[in-house]
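Welcome, and thanks for taking a look at this chain with us. Below is a short briefing to keep beside the viewer as you explore.

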Amino acid sequence: MALLRRRKASEAEKAQHSGSKSDKEIERTDEENDKNINNRKKAKKAKFEGKKKWSCLDSCCWFIGCICTVWWILLFLYNAMPASIPQYVTEAITGPLPDPPGVKLRKEGLTAKHPVVFVPGIVTGGLELWEGHQCAEGLFRKRLWGGSFGEVYKRPLCWVEHMSLNNETGLDPSGIRVRPVSGLVAADYFAAGYFVWAVLIANLARIGYEEKTMYMAAYDWRLAFQNTEARDQTLSRIKSNIELMVATNGGKKAVIIPHSMGVLYFLHFMKWVEAPAPMGGGGGSDWCAKHIKAVMNIGGPLLGAPKAVPGLLSAEAKDIAAARAMAPGFLDNDLFRVQTLQHVMRMTRTWDSTMSMIPKGGDTIWGDLDWSPEESYVPRKRKQRDNDSQTAEQTDTETLDSQKKGINYGRIISFGKDVAEAPSSEIERIDFKGAIKGNNVANITSCDVWTEYHDMGIEGIKAVAEYKVYTAGSLLDLLHFVAPKMMARGDAHFSYGIADNLDDPKYEHYKYWSNPLETKLPNAPDMEIYSMYGVGIPTERAYVYKLSPYSECYIPFQIDTSADGGKEDSCLKDGVYSNDGDETVPVLSAGFMCAKGWRGKTRFNPSGIQTYIREYDHAPPATLLEGRGTQSGAHVDIMGNFALIEDIIRVAAGATGEDLGGDRVYSDIFKWSDKINLPL
């Protein structure tokens with residue numbers, strides 16, 4: 001028993017001893033746990049710090065994604081809400097809204113009379129895929145141009161490949177067929193929520209028009225005009241549809257409404273339809289007189305647009321140049337993970353239609369080193385003038401004009417602000433045409449995309465800059481030097497001069513048909529031609545350039561955004577000299593032919609077709625609820641201008657230019673036209 005008690009006692013002592021040992025172990029374990037927790041925290045922190053930092057590109061992508069998401073949500077909510085709510089809110093802020101033109105004119109008793117034909121301009125018409133390469137699988141008859149532009153983000157290089165044309169022929173590349181969308185939907189909206197023709201179509205419908213009395217003359221706007229007939233027979237289709245509409249509407253002639261480059265396209269059509277086959281449509285010299293009541297040109301670059309020049313030279317315009325200045329290198333490298341602007345340049349240089357908008361008429365129209373028609377222009381408020389406005393009184397602002405130093409708008413491209421402003425006698429120029437071309441010193445095998453600049457070499461690039469200043473006359477030599485393949489195709493389809501003798505048989509060739517200075521209007525004395533365009537918006541007219549700082553895989557020239565006039569009302573901002581216009585087409589190009597070249601019986605208008613100028617002074621929307629506004633004069637937004645729509649509806653319902661009140665002019669187009677010495 002005693003032994004048993006001792007054994008039990010020793011076990012109790014053991015238990016007590018092990019208990020005290022356990023406490024120490026617990027303390028040690030707790031310390032180890034604390035250390036492990038701290039180590040895990042440190043490891044997490046180190047892992048987080050080791051992650052890739054948030055880059056500028058990530059921020060840009062996130063920001064763009066947020067904007068797109070918010071835009072689509074707002075668009076969904078806007079379309080989901082009752083139609084009366086936006087109008088109610090707008091009227092609560094601004095007061096009662098005027099009736100849309102269609103409603104107003106229906107109340108006056110106007111009804112549909114003449115069939116209407118719409119001719120869209122460059123980039124506003126939809127294009128869809130009919131045949132493509134492996135990368136375009138699943139896109140049959142899906143829009144590559146217009147709509148959501150989703151494929152630009154999903155497969156950008158594939159999209160560029162399919163939107164490009166053959167660099168030698170200007171037609172389809174092998175294995176690719178992209179064709180224009182047909183019907184009114186081809187150009188009613190450019191993208192979701194961004195109207196082009198939709199507002200005008202809706203207002204015409206309010207007085208009784210429908211699809212059988214309206215026709216969208218859709219065409220592939222990338223092609224040279226004559227090639228739209230050679231590949232798609234588009235000109236023949238337009239001819240047939242106009243004939244059908246006239247025949248089924250009791251012989252009432254059609255009203256044609258071209259917009260932007262569509263103005264040049266329809267000018268080409270009017271010569272094509274009268275010309276004998278096979279080059280022309282074989283309609284005879286009286287076809288236009290029998291089938292067309294009026295041609296109402298909207299924002300037409302009849303004499304070209306200076307904005308086309310930097311697009312061809314450096315794949316940029318004012319907005320893109322500003323973006324490059326804010327984020328140097330972004331457009332050159334990041335968007336397509338390759339040189340973005342080089343891809344854009346190579347693609348757009350295959351679009352022959354862009355060459356139709358190179359300025360026409362040379363120095364006679366656009367000015368030279370020391371003179372331009374608009375040299376006294378400064379931004380100012382304009383007063384409406386009537387038909388006799390050619391002799392209007394001088395206003396206070398015009399007195400200020402004479403005190404201001406004139407701007408040399410004739411110098412469309414100047415390498416350096418000092419060159420743009422210097423007297424011509426002080427400019428030392430070295431002719432670039434004899435410069436020796438050669439491969440660039442850069443390793444072009446590392447470049448993602450080839451452009452014609454890679455064949456110029458450093459000496460050729462320097463020679464272009466050392467010529468220093470280019471007018472409309474020398475621009476053609478410049479483009480032939482920097483883009484010989486593109487201009488070789490352009491020379492086959494377009495011309496940019498002034499005809500000495502329009503009876504010369506050479507002007508029967510189609511390359512002259514879209515130049516109003518090298519062709520005659522149809523023999524249709526009862527037809528009317530309108531030039532309708534916006535004014536009051538700074539519009540690109542001339543540019544200050546510099547050599548690009550990049551050394552390889554680069555576009556060697558770019559707009560010098562550091563060049564600025566230094567004053568709030570200066571015409572020079574971000575390397576761009578601005579003039580009066582609709583933000584895309586200057587007044588001089590849109591208005592000169594109807595103000596002077598075609599006014600009365602001239603060699604360009606032998607039958608004396610009546611011409612009218614209808615200008616629309618730009619007024620931005622008063623509130624965001626007005627959208628793009630009902631009084632806009634901007635190049636595309638003018639398609640929703642109530643005054644313009646009312647003018648069109650009245651003519652379609654039977655009115656003449658005299659019924660509208662003749663000319664309505666806010667700009668100095670008559671004064672500028674008088675300064676141009678063009679034999680008529």
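Which residues point one way from β12, and which point the other way? E528, Y530, M532 and G534 take one side, I529, S531, Y533 and V535 take the other, and all are buried. Please keep in mind that this is a predicted model. With that said, here is the overall picture, followed by some places worth a visit.

**The chain as a whole**

- The protein chain holds 25 helices and 17 strands.
- Of its 680 residues, 51% are buried.
- Among contacts with a separation of 6 or more, 75% link residues that lie 24 or more positions apart.
- The exposed area of the protein chain comes to about 31600 Å², and 54% of it is supplied by carbon and sulfur atoms.

**Strand β12 and its partners**

- Strand β12 spans residues 528–535 and is mostly covered, with 8 of its 8 residues buried.
- One partner is strand β9, residues 292–298, which runs parallel to β12 and is joined to it by 5 bridges.
- To find this pairing in the viewer, look for A294, which stands opposite E528 of β12.
- Another partner is strand β17, residues 610–617, which pairs with β12 over 8 bridges, again in the parallel sense.
- Here I529 stands opposite T611 of β17.
- As a reminder of the general picture, strands of a sheet pair through backbone hydrogen bonds, in either a parallel or an antiparallel way.

**A residue in β16**

- S578 belongs to strand β16, which covers residues 576–581.
- Because its relative accessible area is 9%, under the 20% cut-off, S578 counts as buried.
- S578 and I537 are 41 residues apart along the chain, and their C-alpha atoms are separated by 8.9 Å.

**A three-stranded antiparallel sheet**

- An open sheet is formed by 3 strands in the order β3-β2-β4, with antiparallel pairing.
- Its edge strands are β3 (143–145) and β4 (177–180), each of which pairs on one side only.
- From one strand to the next, the twist averages 45°.
- Helix α6, residues 156–163, packs on the sheet and touches β2, β3 and β4. The direction of α6 makes about 80° with that of β3.
- Between strand β2 (residues 127–131) and β3 there are 2 bridges, and the two strands run antiparallel.
- L127 has W145 in β3 as its bridge partner.

**A nonpolar patch on the surface**

- V70, I73, L74, F76 and L77 together make a nonpolar surface patch of about 500 Å².
- One of these residues, F76, is found in helix α2, residues 56–80.
- Is F76 buried or exposed? F76 counts as exposed because its relative accessibility is 58%, over the 50% cut-off.

**A covered loop residue**

- T213 sits in the loop between α7 (198–205) and β7 (214–216).
- Although it lies in a loop, T213 is buried, with a relative accessible area of 10%.
- Setting aside neighbours within four places in sequence, T213 is in contact with P115, V116, M245 and N249.

**Backbone features to check**

- Most residues other than glycine have a negative phi, and most peptide bonds are trans.
- The peptide bond from A277 to P278 is cis, with omega near 10°. P278 is placed in the loop between α10 (261–274) and α11 (287–291).
- S260 is a residue other than glycine with a positive phi, near 55°. Its place is in the loop between β8 (254–258) and α10, and S260 is buried, at 7% relative accessible area.
- K468 is also a residue other than glycine with a positive phi, near 75°. K468 is in the loop between α19 (457–466) and β11 (469–470).
- Why does K468 count as partly exposed? The reason is its relative accessibility of 27%, because partly exposed covers the range between the 20% and 50% cut-offs.

Key. Residues numbered from 1 in each chain as written. Predicted model: local features only at pLDDT ≥ 70, side-chain atom pairs only at ≥ 80, totals over all residues. Heavy atoms only, no water. Buried < 20%, exposed > 50% of the residue type's maximum accessible area, 1.4 Å probe, protein only. Helix = DSSP H or I, 4+ residues; strand = E, 2+ residues; numbered from the N terminus. Pairing = 2+ DSSP bridges. Contact = heavy atoms within 4.5 Å. Areas by Shrake-Rupley, 256 points an atom, 1.4 Å probe, with all protein chains shown as cover. Patch = residues over 30% accessible without salt bridge, like charges linked within 9 Å, V, L, I, M, F, W, Y side chains within 5 Å. Salt bridge = Lys/Arg side-chain N within 4 Å of Asp/Glu carboxyl O. Axes fitted to C-alpha atoms, helices over the stretch in contact; angles between N-to-C directions.
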